[in-house]
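Work through the exercises below with the model open. Each task is followed by its solution.

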Amino acid sequence: FGEALQWIDGEYRYAAANSDAMIVTYAAAQEIGSSVILKVATTGGVNGIQQLSEGQLSAFSDYIRQLKPPGVDLLVVSRPADTLKIYYRIYINPLVLNLSGGLVTDPAIKPVETAIKQYCKSLDFNGRFDVSALTDELQKIPGVLAPVFMQAFVRYGLNDYQEFSDFYTPNAGYLAIDDDNPLDVTLSY
């Protein structure tokens, strides 16, 4: 970012590599028909990932335009995280967890919420959210007897929420828990 490509030995490239100027840390290409969508993001924000600024996206799009093979229809996008609302009924051992999901020994620590956030964070960029895999992770938590999945909804951009029950690949490439529907509201113990 902030450096111009140069025509060197028959190709565009940088005169010298500058890791401080590299802004794209996450990328995924998806072929749709005869076009390719390139989803990109940088480090920071939600789960350690955030969309590029308008200026960064413009610069990166121009960079890709200069490097891509001729004739390739390519769209570069960088979007805010898709938001997730997920509902579980969690059956607990009351000797370990309280009815708010906190540890009996330290109510501020909420292992189920932590596990859900960690699962979202652990997904590869543009990786598929898998309800069964998340449920498997919740079953490993001491004090959780049975996590029963109820519903899940996702939204990207200003679109309406869509329900899903098995898998979801984020439109932006990454997910965040909806701030308006935090886990302490959508989980029941």
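On a 1 Å grid over the protein atoms alone, a cavity is a set of points where a 1.4 Å probe fits but cannot get out, while a pocket is an open set with protein on both sides within 12 Å along at least five of seven lines; lining residues have an atom within 4 Å of a point. The model is predicted, so local features need pLDDT of at least 70 and side-chain atom pairs pLDDT 80 or more, whereas totals for linings use all residues. Residues are numbered from 1 along each chain as its sequence is written.

**Exercise 1.** Find which residues lie nearest the centre of the largest cavity.

Solution. Step one: the largest cavity has a volume of about 60 Å³, the space filled by probe spheres set on the points. Step two: of its 13 lining residues, Cys120, Leu123, Gly173, Tyr174 and Leu175 lie nearest the centre.

**Exercise 2.** Describe the largest pocket.

Solution. Step one: its volume is about 380 Å³. Step two: 19 residues line this pocket, and Phe1, Glu3, Tyr14, Ala21 and Tyr63 are the closest to its centre.

**Exercise 3.** Work out where the buried residues of α3 sit around the helix axis.

Solution. Step one: helix α3 (a DSSP run of H or I, at least four residues) spans residues 131-139, and Val131, Leu134, Thr135 and Leu138 are buried, meaning under 20% relative accessible area with a 1.4 Å probe, protein chains only. Step two: they cover an arc of only 100°, so they lie on the same side of α3; the arc is that of the directions from the helix axis to the C-beta atoms.

Note on methods:
Heavy atoms only, no water. Buried < 20%, exposed > 50% of the residue type's maximum accessible area, 1.4 Å probe, protein only. Helix = DSSP H or I, 4+ residues; strand = E, 2+ residues; numbered from the N terminus.
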